[in-house]
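Biologist: I would like to go through how the two parts of this protein meet. Please take the interface step by step.

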Amino acid sequence: MARGIDTKCIHLEEDEGQCSHYGALSYPIYQTATYAHPGVGQSTGFDYSRLQNPTREHLEKMVAALENGIDAFALSSGMAAISLLMEMFRQGDHIIADSDLYGGSIRLFHNVNEKNGVEFSSIDCCRDDVESYVKENTKAIYIETPTNPMMNVTDIRKMADIAKRHNLILIVDNTFMSPYFQNPLDLGADVVIHSGTKYLSGHNDTLAGFIVTNREDIQEKLRFLIKTTGAGLAPFDCWLVLRGMKTLGIRMERSQENAEQIAAWLQQQKAVTRVIYPGLPDHPGHEIMKKQARGFGAMLTIQLESKEFALAILEKVRMIRFAESLGGVETLVTYPTTQTHADVPKEIRERNGITESTLRFSVGIENIEDLIGELEKVFAEIEEEKNDGKKS
Ligand SMILES: *Cc1c(COP(=O)(O)O)cnc(C)c1O
């Protein structure tokens, strides 16, 4: 019987029943750059840490198991992972990419990959007719679901059907859901991306990135590329991710519970004109999420009545931190316009609905009473100041 995901976050099946590493339960950090050979023409299995390192290999196997892939690649950041993946494409290749992606991915595609001759069609994969954009030189479809920050949901199975019909690689950035809630490879994707900086490590203390695949041809190309370009994750950072991953399940459950309650609270606030959380039944992607994921995650985006209100929240939060990033135990609030999406051209931002009164929350695992308590205080103070302003 296939193992449950909480078990897979803690144990690597193939390592069990052995007492290697003195029986250490925490996987050792092999802080070494190179490896001595037992003899001429012989190897311990490791030759040089750019190619592979035991701690990294262990982490890669764990992540591959979580996404039901045949192999995973641990890179020094999420962007290093996406950059490495893009090395699979060449001048003249065309990629269909969703327009509402992580800002760094958009920046990479349009400032680096396009310069190198890769063409992109930036479309709304959740609403546009994706198949009509397929051309003779199209090689891949690149999506995130739900998207960042507007939480648009794309039907992964539908994208996989289009990809199969035209022999394209379907790439899904699964950072927002983590393998705990969603497994794109099981739904027909060929490649999964993770910013391991987020939920997988979960403590806002390290950068990491992953590529996972279930295709041998892609695996072979990526092994060659990681060895050649050299952005493999360092042993200590691998260990931090391994340690964080052990609690992935309980962190995801708790932060999702908190997010549901915060979404409900925000819906009651006069100053909040829209709460975008896929767990709400009125979210347009709610039904698709139910079919392709095991949860709705802990990311939510809101529109406020004004830019001033949004900025005042950022000024006033204390325990909730005004910071970029997501997926950690701490609750964070982000201002997409000047932070994550600052480099996205204004017209794309506006088309996606990101305005100066948009805020994004990454809900953490604090006690819900404390989170809502802080929001209540912040909202009440802003309303009070608004009223004072009107009087004077
Ligand atoms: C953060 C993030 C990335 C980039 O990852 P880094 O680890 O910051 O390089 C890519 N995709 C998504 C969805 C992200 O949230």
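Modeller: Across the interface of domain 1 and domain 2, 16 residue pairs are in polar contact, both residues at pLDDT 80 or more. A polar contact is a pair of N or O atoms within 3.5 Å, one able to donate a hydrogen and the other to accept it; residues adjacent in sequence count only if both atoms are side-chain atoms. This is a predicted model: local features need pLDDT of at least 70, side-chain atom pairs count only at pLDDT 80 or more, and totals for chains, interfaces and linings use all residues. Residues are numbered from 1 along each chain as its sequence is written, and side-chain values use heavy atoms, without hydrogens and water.

Biologist: Which residues of domain 1 lose the most area to domain 2?

Modeller: The area buried between domain 1 and domain 2 is about 3,600 Å², meaning accessible area (1.4 Å probe) lost on being put together, summed over both parts. Carbon and sulfur atoms give 58% of that area. In domain 1, three residues together make up 23% of what that side buries: M150, F181 and Y199.

Biologist: How many salt bridges are there between domain 1 and domain 2?

Modeller: A salt bridge needs a side-chain nitrogen of Lys or Arg within 4 Å of a carboxyl oxygen of Asp or Glu. Between domain 1 and domain 2 the count is zero.

Biologist: What are the bounds of domain 2?

Modeller: The bounds come from an automatic or database domain assignment. That assignment gives 5-245 for domain 1, and for domain 2 it gives 248-391.

Notes. Buried area is the accessible area (1.4 Å probe) that two parts lose on being put together, summed over both.
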